[in-house]
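Reader: I'm new to this one. Could you show me how to read it, feature by feature?

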Amino acid sequence: MLAKTSVTHKVLKSTFAILSSTLNLAQAAKSIMSKIILTLPMIFLSQQIAAEEYHFVGVEGSSIQNIGKLVFQQLCAEQQLNCDVEMLPAPRAERSMLASKAVGEVMRVWSYGEEHPNFIRVPTSYYSVKTAVYVRKGSGINVQTAADLKGLTIGVLEGVKHSQNVSHEAKSVIKASTPQQLVNLLTRERVDAIVSSYVDGKATIAAMNADKLVELSTITDTHPLYIYIHPDHAQLAPIIDNTINKLMASGEMSSIILEAESHSF
């Protein structure tokens, strides 16, 4: 009788172990299926995002913008996004965004988002621009701050926000369509000073042999540059922002920027 009871106990114990194991496997399978079900929409969304073509715009005729374009294209490649960047005059690039003809715009300053609060600013800046003021040598113009421009006629590039922000204090402002036209305004004495990015100003002055122009180092300023996304494509903003932060954390962003700069100057 005791022997039968022992055997029965062992059978029950073994059966219970099998049932427990089966239950654990079922729970594990259920957990895995739940994760798959939750993950599938994200996978399909990622595939959909990767499959679409995204048309961005930038400002033409600028070394800084060319750098931004090249770096941005690397960001897209990192996420296997199919992006193109069309370089346009600044006002046309802005209108393309307003008319929903562009998914986004590369390399704009913070104030651009304040002017267009519907645009989505990718939170992390990925480059910066240094604003500089140039005058003719021997002009006697002594500018220490932007407020000192209030008695002067200033030349700026149309649609370039960081330059226009500096020139608010000027007596009058003449807008040029290209960096070359801007330098000509100063060499031909149509304006007292011009406001440009440091890089584009130096490059254009050198290319045009305008050696009678000089930078006023006392009034330079540096502005972070951002990518802006049209609200119809808001899903791209966190993807691009995460990519920027990832590449910055790994140190790859510095290499990408150096490579872009080597092809732009």
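Author: Here we go from the whole chain to a few helices and cysteines. This is a predicted model, where local features need pLDDT of at least 70 and side-chain atom pairs count only at pLDDT 80 or more, while totals for chains, interfaces and linings use all residues. Residues are numbered from 1 along each chain as its sequence is written, and side-chain values use heavy atoms, with hydrogens and water left out.

Reader: How many helices and strands does the protein chain have?

Author: Helices (H or I, at least four residues) and strands (E, at least two) are DSSP runs, numbered from the N terminus. Here the protein chain has nine helices and nine strands.

Reader: What share of the residues is buried?

Author: Buried means under 20% relative accessible area, exposed over 50%, and partly exposed in between (1.4 Å probe, protein chains only). Of the 265 residues in the protein chain, 42% are buried.

Reader: How do I read one helix, say H7?

Author: An α-helix has 3.6 residues a turn, so residues three or four places apart point the same way. In H7 (residues 198-207), the buried residues are Asp-200, Gly-201, Thr-204 and Ile-205. They line one face of the helix, because seen down the axis of H7 they fall within an arc of 125° (the arc is that of the directions from the helix axis to the C-beta atoms). Ala-206 and Ala-207 are exposed on the other side of H7. Just after H7 comes Asn-209, with a positive phi of about 55°.

Reader: And at what angle do H8 and H9 cross?

Author: Axes are lines fitted to C-alpha atoms, for helices over the stretch in contact, and angles run from 0 to 180 degrees between N-to-C directions. Under 35 degrees counts as roughly parallel, over 145 as roughly antiparallel, 65 to 115 as roughly perpendicular and the rest as oblique. The axes of H8 (residues 236-250) and H9 (residues 252-262) come within 5 Å and cross at roughly 95°, so H8 and H9 are roughly perpendicular to each other.

Reader: Which residues meet there?

Author: Contact means heavy atoms within 4.5 Å. From H8, Ile-244, Leu-247, Met-248 and Ser-250 meet Glu-252, Met-253 and Ile-256 in H9.

Reader: How many disulfides does the structure hold?

Author: A disulfide is a covalent bond between the sulfur atoms of two cysteines. The test is a pair of cysteine sulfur atoms within 2.5 Å, and the structure holds zero disulfides. Cys-76 is buried, at 3% relative accessible area, and Cys-83 is buried too, at 17%.
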